[in-house]
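Here are some worked exercises to try with the structure open beside you. Attempt each task before you read its solution.

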Amino acid sequence: MNNQLRQNHVNRVKQQFQSSSVASLESIPQNISTLTNTSTNNRKAAQATRTLKACDLCRKQKTRCFRSPENKSCLRCTFLNKPCSFEFSVEAMPMTPSASSLTTIINDQAETNRKLDLIYNGIHEVISMMKNTGSTGMTSNSSTNNSLAVCQFYSTSSSIGKSECFQSPTATSKMSPFSVINNQVKATYIPRPLLNLMNLSTVSGGVRQNNYFDSSEDLLSLEILSESEAIDLMNDFRQNYGRWVSFPKTLSTEVLIERIRNKSSLLLTTCCCLSLRYSLNGINPGDAANFNRKKKTYKDLIKQLIRDMDKALIRYGAFHGATDGSGEIEFLQAMVILSIYSFSLSSIVPTTIDNDSLLEDELDECLKDFNLDPWFLSSIGLTTFITKSTFGTLFKSVAVNKDASPRTLMTANNAPFTVLYDELDSDEHQTLTVLRIYNHMCLVHLIQCVFSGRMCVVDEIRLNYCTSTLSLPSATNFDGRMVSEIGILLIAYNYIQVNSSVAGAETMKECESSFLAVKEEIRLWYEQWEYLFTQPGLQFVELNYNFCNLIAHYSYVYQKSQIIKPSRKEESPNNGSSSRIATSQLYDENNIQFILQNSDKITLLKMIQYSYNVVRFINVIESDSYFAYLSDQLHFCFYFCGICLINIVKYLLDTDQLKLLEEPDVSDISASSEDYSVIIKDIRNLIQKFSRVGQDNQDDIITKYKIGLENYLYENLP
């Protein structure tokens, strides 16, 4: 019975969609230059110009009405030589639309958008039902099902305004014990910590501003930068890094800076620090004055960044419910930027410290230990986002006087809830920009979990919320890329965590079964997102796909070696625990070499292919400046795969297995058992790219990558 009802509903939605689609297609104007006298051309022209509303005469006769491309009247009235109501409606239309006509046009557009939303939501509902129906009866292990749920990446929310993902207090919040107490007991009898926490669930305002978090002391008021310098740095940020925070394009940089100053000193300092990131590279050694000036400016900005972070972290860690909520979005934007570029910002701080300056400022000594942790920062951002959205405060809308000038909107009293506010954007589009912040934090957090082996602080239910962006009409190809990359990283993360846990595979059968399952998940992911690989412009979805495949094969060999390869018989009795300890000791001595020695032929071929696919992607990135502004995570992926590839080639050389390079699976490498120079050439291209970007700044992480690869290549493949 339920299946029949579902099928009936699907058919009904399909019929609505088809009828609406026909109406939409009929309204599309066609360019017809001439109208010939032949009946065939007349019929084609009539079909192409059929109107959605008939003229008065055609409507009375209940016949189809076709507007003439040559005359103002319709074809039937022209043929009958009758006056057509279209002539009068066109002549009566004023050249300059009045205020009332503009209102009508806007209302009509709103109604059209509403109908399009209904059609779009209907399609999503059909797709969701088809997915659910198709998945019925599938059998696999639990870990596969969990990841497959993530890989579907289709939102089940039926409408934007009623989405339960983030935009209203969640059901878990409403039925929580804290909420029950808040509902049943008078506020005077509720302990203050609980009361302050539950104040997060009110969006009416009225919470006093805590003076400790006053943002009046920023890099402009403290004269660390002049106004013109701040504008130049923000322009640079918007051009090179703006994709991560989605500042409104229509806002001038001057207005944007004033809005940010009213909301978050941390965000302003973060943007300016990142824009100065490459300012210490490539300076003429003879221009000491310019170099020292830039060093001092960057050092002062880092000090201000530390002060801003101190206040912000205290605010969201110890003063929940004690502030008015202003600047929450801006804090999350700062966390996104700091998480993505932690390594870059941290690496060049030592360059700014002179031994002489240590006598003047004790804080300089502390700066030597300055090191941002992207996993930790993204964890703070994610937990803050989830906390605020759980209580329904993150997406609150505040009435703004749209007739006010941009300068008026810059003042603290008239400023909108967030700098993301754009007078020309719809509420739905601004919701999308906030959801993108969450997706970016999930992306950087997951990849840092893979990089460092630490756990993810967000469960899969919340990670699935990343697909919320795809349910919005304003979503673009960029949003699809973010969701797809989160999906493939989640597959790799789950596989690594399962393999490394106590409950991991204990037998070869379990190990092989787990590996087959993850390969199937990756295959399903590939089928869904392969189209992104061929999109115009540079796409890094394919790079992440190859990186995650390499990590999955690496983890598989490690797990397998723990089961079947105790390294030292004297330390490996029959019990499994001692065997694993001995294996781990040998792995710690030379991990990549250990993995290669325990790899079979097929796994070796796959690891060659995936690592090389990442390294040779450097040839696609022609612009050095474009490469320079990529995320720290992508830079590390290139570096890691370069190290792996050098190790693999050396291992093949040492074990006389270079003939594997001639296998069909790696035929696109164009190498042979006698000549593997094409691989070395691409590694050198990567080294040169790092060298041109780092410009010999010895502290810059880009230069460290260059030196590391260069020396490692020389030591292993001279």
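**Exercise 1. In this predicted model, find how the axes of α29 and α31 are placed: roughly parallel or roughly perpendicular?**

Solution.
- Step 1: Two packed helices are described by the angle between their axes and the distance between the axes.
- Step 2: The axes of α29 and α31 approach within 10 Å, and their crossing angle is roughly 5°.
- Step 3: Angles under 35 degrees count as roughly parallel, so α29 is roughly parallel to α31.

**Exercise 2. List which residues of α29 meet which residues of α31, and sort the contact by class.**

Solution.
- Step 1: On the α29 side, the residues are His635, Phe636, Tyr639, Gly642, Ile643, Ile646, Asn647 and Lys650.
- Step 2: On the α31 side, they meet Ile702, Tyr705, Gly708, Leu709, Tyr712, Leu713 and Asn716.
- Step 3: Sorted by class, the contact of α29 with α31 has 9 nonpolar, 5 polar and 1 charged residues.
- Step 4: To make sense of the spacing in such lists, recall that an α-helix has 3.6 residues a turn, so residues three or four places apart point the same way.

**Exercise 3. Stay with α29 and look at Gln633: is Gln633 buried or exposed, and what is in contact with Gln633?**

Solution.
- Step 1: Gln633 belongs to helix α29, which spans residues 632-654.
- Step 2: Buried means under 20% relative accessible area; Gln633 has 6% relative accessibility and therefore counts as buried.
- Step 3: Setting aside neighbours within four places in sequence, Gln633 is in contact with Ser339, Ile340, Val444, Ile447, Gln448 and Phe451.
- Step 4: With Ile340 there is a polar detail to find: the Gln633 side chain reaches the backbone oxygen of Ile340 at 3.5 Å.

**Exercise 4. Now follow Gln633 to Gln448: how far apart are their C-alpha atoms, and what surrounds Gln448?**

Solution.
- Step 1: Along the chain, Gln633 and Gln448 are 185 residues apart, while 8.0 Å separates their C-alpha atoms.
- Step 2: Gln448 sits in helix α20, residues 427-452.
- Step 3: Its relative accessible area is 3%, so Gln448 is buried.
- Step 4: Beyond neighbours within four places in sequence, Gln448 is in contact with Phe343, Pro374, Trp375, Gly453 and Gln633.
- Step 5: For the protein as a whole, residues 24 or more positions apart account for 72% of the contacts with a separation of 6 or more.

**Exercise 5. Turn to α11 and α13: at what angle do their axes cross, and which residues meet?**

Solution.
- Step 1: Helix α11 covers residues 227-240 and helix α13 covers residues 265-275.
- Step 2: Their axes come within 8 Å of each other and cross at roughly 80°, and α11 and α13 are therefore roughly perpendicular.
- Step 3: From α11, Leu233, Met234, Asp236 and Phe237 take part, meeting Leu268, Cys271, Cys272, Leu274 and Ser275 of α13.
- Step 4: By class, this contact of α11 with α13 has 7 nonpolar, 1 polar and 1 charged residues.

**Exercise 6. How many residues of α13 are buried, and what covers them?**

Solution.
- Step 1: The count is 11 of 11 residues buried, and α13 is mostly covered.
- Step 2: The buried residues of α13 include Ser265, Thr269 and Cys273.
- Step 3: Their cover includes α11, α12 (253-263), α14 (288-318), α15 (328-340) and α16 (342-347).
- Step 4: As background, buried residues make up 47% of the 718 residues in the protein.

**Exercise 7. Two loop residues have positive phi without being glycine. Where do they lie?**

Solution.
- Step 1: Glu223 has phi near 60°, a positive value in a residue other than glycine.
- Step 2: Glu223 is placed in the loop between α10 (192-198) and α11.
- Step 3: With a relative accessible area of 69%, Glu223 is exposed.
- Step 4: Gln695, also not a glycine, has a positive phi of about 50°.
- Step 5: Gln695 lies in the loop between α30 (677-694) and α31 (701-716).
- Step 6: Its relative accessibility is 40%, so Gln695 counts as partly exposed.

**Exercise 8. To finish, how many helices and strands does the protein have?**

Solution.
- Step 1: The protein has 31 helices and 0 strands.
- Step 2: Its exposed area is about 36,300 Å², with carbon and sulfur atoms supplying 53% of it.

Conventions:
Residues numbered from 1 in each chain as written. Predicted model: local features only at pLDDT ≥ 70, side-chain atom pairs only at ≥ 80, totals over all residues. Heavy atoms only, no water. Helix = DSSP H or I, 4+ residues; strand = E, 2+ residues; numbered from the N terminus. Buried < 20%, exposed > 50% of the residue type's maximum accessible area, 1.4 Å probe, protein only. Contact = heavy atoms within 4.5 Å. Areas by Shrake-Rupley, 256 points an atom, 1.4 Å probe, with all protein chains shown as cover. Axes fitted to C-alpha atoms, helices over the stretch in contact; angles between N-to-C directions. Parallel < 35°, antiparallel > 145°, perpendicular 65-115°, else oblique. Nonpolar A, V, L, I, M, F, W, Y, C, P; charged D, E, K, R; others polar. Polar contact = N/O pair within 3.5 Å; in protein donor to acceptor, adjacent residues only side chain to side chain.
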